[in-house]
Amino acid sequence: MTRPLRIVLALAAALWPAALAAQDVRLPVWPGSVRFLVLGDGGTGERAQHEVAAQMARYRQRFPFTFALMLGDNIYGRERPQDFAKKFERPYKALLDAQVRFHAALGNHDDPNQRYYKPYNLGGKRYRTFKEGHVRFYVIDSNYLDPEQVRWLESELKSSDSDWKIAYFHHPLYTTAWRGPEVELRAVLEPLFVKYGVDVVFAGHEHVYERFKPQRGIHHFTVGGAAKLRRGDTRRGPLTAATFDTDRSFLLVEVVEDYMYFQAISRTGAVVDEGVIARRREGREAARALPAPAPAAAAPR
Amino acid sequence: MSLTRRRRAFALLGGWSVLLGVGAACGEEERREAERANPTTAVFADFARRVNDYAALRRRLTDSIGELDPTRSQAEIAARATALGTAIIAARPRAKPGDIFTPEVAAVLATLIREEHRRRSEPVQETRDDQQEEVPDFTPQVNALYPTSYPLATFPPTLLPLLPPLPEALEYRMVGDYLILRDVEANLVVDLMPGALPAGGGSS
């Protein structure tokens with residue numbers, strides 16, 4: 001075997017799993033469905049962020065999502081104009097060029113003035129709501145959950161007649177990672193989510209991927225590994241449905257009528273979790289009839 | 001909690017509730033009467049006046065600098081924050097700790113915060129400690145910027161409703177055992193109150 005041929009074969013062997021995985025879309029890609037990307041804790045500007053971003057762009061070729069939910073810690077460290085280029089605009093250039101709309105939530109590393117940064121679509125607000133198709137999204141500022149925000153949230157949840165209600169913010173209400181669940185936030189938010197029929201909650205903060213069995217009827221995901229990673233930081237417990245903590249990750253989601261399909265992807269393009277969630281067909285009252293809340297997700301320490 | 005402490009905590013909370021209700025619904029005479037009946041009400045009324053004075057000053061400065069609309073230019077956002085911060089510092093050159101968190105206000109708030117922390121379970125206090133651990137050790141100063149590369153500790157959401165409300169431009173934050181009053185858009189420490197929390201956070 002000639003040397004160039006050996007090099008070509010070695011390269012092909014090295015790239016094949018990633019190339020294959022990058023095409024491993026198991027979502028329905030149904031015409032007219034609501035398709036989006038979920039990523040958290042991405043704003044480092046480092047190599048891992050670029051690798052994950054490249055994987056997002058590759059997946060988008062087969063799964064053309066139109067918008068992205070950012071779960072906070074959008075920019076780590078300094079927030080000079082050049083940092084926004086380095087930690088957001090350059091890594092996600094392919095997605096931005098493809099007109100993917102980013103809808104950011106604020107994390108504890110984010111200057112609240114990010115709400116004025118137009119590409120984050122916060123419209124100058126710390127918290128907001130928007131609708132895509134038959135899905136209503138609630139962007140919450142979990143850093144500063146003041147009474148005014150809680151009143152706003154309740155009013156918006158109450159008045160919405162959307163089929164799906166999805167809330168997202170930075171700090172997880174359920175997690176097995178080292179900092180543990182945000183029990184104070186849960187005490188304030190979960191009763192509202194249950195009362196007004198929130199179906200799914202996305203959070204970041206912990207640099208892992210986790211999915212929990214429904215808690216009081218609500219599906220909770222932690223998607224905080226778009227750049228940083230706390231390797232081996234999850235613990236499977238009675239509430240755990242799936243975890244991934246050996247590499248960076250992001251989530252692809254498709255909502256088709258009463259079903260939400262999801263697929264979690266690693267930095268290398270491997271599918272690390274997938275499934276489908278059915279919306280509560282019996283309406284919002286069904287949630288109120290569920291049993292008392294389960295104990296907190298396995299607490300750290 | 002001792003009976004005396006419990007009474008004091010209830011008195012504080014009761015006073016604040018009275019202030020809120022009275023301020024919203026009644027006239028000046030009723031407000032004065034409420035302040036006479038409960039000294040805490042008077043303390044919080046004084047706090048509200050000082051906060052409102054700051055807000056009025058800030059409005060005047062904002063009028064001259066201009067409001068900020070969402071923009072693609074991070075440079076524009078940063079320049080506006082700097083301009084606002086500079087103008088506020090220039091307008092309050094002699095600002096010092098205690099201008100808004102007066103000793104009377106600080107005493108009431110410290111008691112209120114400590115009592116609230118004591119009522120919280122261990123998991124809650126651990127969560128609060130974890131949030132503080134992400135903030136590097138630094139001493140905040142009045143009229144100084146909050147370091148832009150430092151994270152902000154999440155403010156306990158069950159404590160916030162117990163504190164006097166603030167206009168949108170201001171927020172409470174914890175830095176170590178300091179309670180700070182922060183101008184959100186200018187990223188400026190407007191006032192601070194040391195000793196708001198027991199040393200080591202809430203779980204001591």
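I take two strands as paired if DSSP finds at least two bridges between them. I note at the outset that the model is predicted.

**Entry 1: the sheet in chain B**

With that criterion I looked up strand β2 of chain B, residues 178-183, and found that β2(B) pairs with β3(B) in the antiparallel sense over five bridges. Within β3(B), I located Met193(B) as the residue opposite Leu179(B).

I then traced the sheet as a whole. In chain B, three strands form an open sheet in the order β1-β2-β3, and the pairing is antiparallel. I recorded β1 (170-175) and β3 (188-193) of chain B as the edge strands, each of which pairs on one side only. From one strand to the next, I noted a twist that averages 30 degrees.

**Entry 2: chain A**

I turned next to chain A, for which I listed seven helices and 13 strands. I checked burial and found that 50% of the 301 residues of chain A count as buried. I also looked at the contacts in chain A with a separation of 6 or more: residues 24 or more positions apart account for 70% of them.

**Entry 3: where the chains touch**

Which chain gives 34 residues to the contact, and which gives 30? I assigned 34 residues to chain A and 30 residues to chain B. On the side of chain A that touches chain B, I found that α3 (81-89) and α6 (183-195) of chain A each supply at least two residues. The largest share of that side comes from α6(A), with five residues. I sorted the residues of this side of chain A by character and obtained 15 nonpolar, ten polar and nine charged.

How values were computed: Residues are numbered from 1 along each chain as its sequence is written. Chains are lettered from A and ligands numbered from 1 in the order in which they are written. This is a predicted model: local features need pLDDT of at least 70, side-chain atom pairs count only at pLDDT 80 or more; totals for chains, interfaces and linings use all residues. Helices (H or I, at least four residues) and strands (E, at least two) are DSSP runs, numbered from the N terminus. Axes are lines fitted to C-alpha atoms, for helices over the stretch in contact, and angles run from 0 to 180 degrees between N-to-C directions. A residue is buried if 20 or more other C-beta atoms lie within 10 Å of its own, exposed if 12 or fewer, and partly exposed in between; C-beta atoms are placed from the backbone. Two residues are in contact if their C-beta atoms, placed from the backbone, lie within 7 Å. Ala, Val, Leu, Ile, Met, Phe, Trp, Tyr, Cys and Pro count as nonpolar, Asp, Glu, Lys and Arg as charged, and the others, Gly among them, as polar.
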